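Student: I would like to learn how to read the features of a folded chain one by one. Could you take me through them, giving the general idea before each case?

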Amino acid sequence: MQRTPDLESRVVPEDHQDLRLWLRLLTCCNLIEGEIRSRLRSEFETTLPRFDLMAQLLRVPSGMKMSELSQHMMVTNGNITGITDQLEKEGLVERVKVASDRRSSLIRLTVKGKRTFKKMAKLHEEWIQAMFGGLSEKSRGALFEALGELKAMTQAKLSGRS
């Protein structure tokens, strides 16, 4: 079975270990994300951004403004509007006017949306567990700790620059 080239396949042993590590990390993320996208599409006829938006809304049952959703998802308001329009047409979310601000609406999951998302989330969790299931508990713990260190170090370096 021939494997598809990935980002890591571009490196050679002479490349710096940091570059090799970065490309391995990026390759793993891309492989996992690609599989999740594929499964969401085939199992639920949905996309990862739609899944992510519904996940945000499940955490805030009272609803969220478009601007809050775009901040949490790190995408533009335009992206959120397009996804929300689609989900609203399918009866998965609803827009509720904010009494104190007639220009604003809260987006929240409908009963159908909650039920649909919970089914997706249950399978999503099983997929993630299956993908990481081949690693020993010790390896998962070590990877989690190492990535936590990398995250903290990177955040510190980025916050230190002006």
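Tutor: Let us begin with overall extent, for which the radius of gyration is taken here over C-alpha atoms, and the globule rule is 2.2 Å times the number of residues to the power 0.38. Please keep in mind throughout that this is a predicted model.

Student: What radius of gyration does the protein chain have, and what would a compact globule of 162 residues have?

Tutor: The protein chain has 20 Å, whereas a compact globule of 162 residues would have a value near 15 Å. Along its principal axes, the C-alpha trace of the protein chain spans about 60 × 45 × 30 Å.

Student: How many helices and strands are there in the protein chain, and what pattern does the chain follow along the sequence?

Tutor: The protein chain contains 6 helices and 2 strands, and reading along the sequence gives the pattern α-α-α-α-β-β-α-α. Among contacts between residues at least 6 apart in sequence, 46% join residues at least 24 apart.

Student: What share of the residues is buried, and what supplies the exposed area?

Tutor: Buried here means under 20% relative accessible area, and buried residues make up 23% of the 162 residues in the protein chain. The protein chain exposes about 12,000 Å², of which carbon and sulfur atoms supply 55%. As for charge, there are 27 positive and 21 negative side chains, and the centres of the two sets lie 6 Å apart.

Student: How should I read the nonpolar core, and which residues have the most contacts inside it?

Tutor: The general idea is that in soluble globular proteins, nonpolar side chains tend to be buried together. In this model the largest nonpolar core has 22 residues, and those with the most contacts inside it are L40, L53, M54, L57, L69 and L87. The helices α1, α2, α3, α4 and α5 (111-132), together with the strand β2 (101-109), each supply at least two residues of this core, and α2 gives the most, with 6 residues. Leaving aside residues up to four places away in sequence, L40 touches E45, T46, T47, L48, F51, M120 and W127.

Student: Which backbone angle should I look at for E45, and where does E45 lie?

Tutor: The general idea is that most residues other than glycine have a negative phi. E45, although not a glycine, has a positive phi of about 50 degrees, and E45 lies in the loop between α1 (17-44) and α2 (48-59). M74 likewise is not a glycine and has a positive phi of about 55 degrees; its place is in the loop between α3 (66-73) and α4 (77-89).

Student: Why do E45 and M74 count as buried or exposed?

Tutor: Exposed means over 50% relative accessible area. E45 is therefore exposed, because its relative accessible area is 72%, and M74 counts as exposed because its relative accessibility is 74%.

Student: How do K114 and K119 illustrate separation in sequence and in space?

Tutor: K114 lies in helix α5 and is partly exposed, with a relative accessible area of 33%. The C-alpha atoms of K114 and M54 are separated by 8.2 Å, although these residues are 60 residues apart along the chain. Not counting residues up to four places away in sequence, K114 touches L58 and L109. K119 is also placed in helix α5, and it is exposed, with a relative accessible area of 53%. K119 and G134 are 15 residues apart in sequence and 24 Å apart in space, C-alpha to C-alpha.

Note on methods. Residues are numbered from 1 along each chain as its sequence is written. This is a predicted model: local features need pLDDT of at least 70, side-chain atom pairs count only at pLDDT 80 or more; totals for chains, interfaces and linings use all residues. Side-chain values use heavy atoms; hydrogens and water are left out. Helices (H or I, at least four residues) and strands (E, at least two) are DSSP runs, numbered from the N terminus. Buried means under 20% relative accessible area, exposed over 50%, partly exposed in between (1.4 Å probe, protein chains only). Contact means heavy atoms within 4.5 Å. Accessible areas come from the Shrake-Rupley method with a 1.4 Å probe; for residues, only the protein chains shown count as cover. Lys and Arg count as positive and Asp and Glu as negative; His and the chain ends are not counted. The place of a charge is taken as NZ of Lys, CZ of Arg, CG of Asp or CD of Glu. A nonpolar core is a set of buried Ala, Val, Leu, Ile, Met, Phe, Trp, Tyr and Cys residues joined through side-chain atoms within 4.5 Å.
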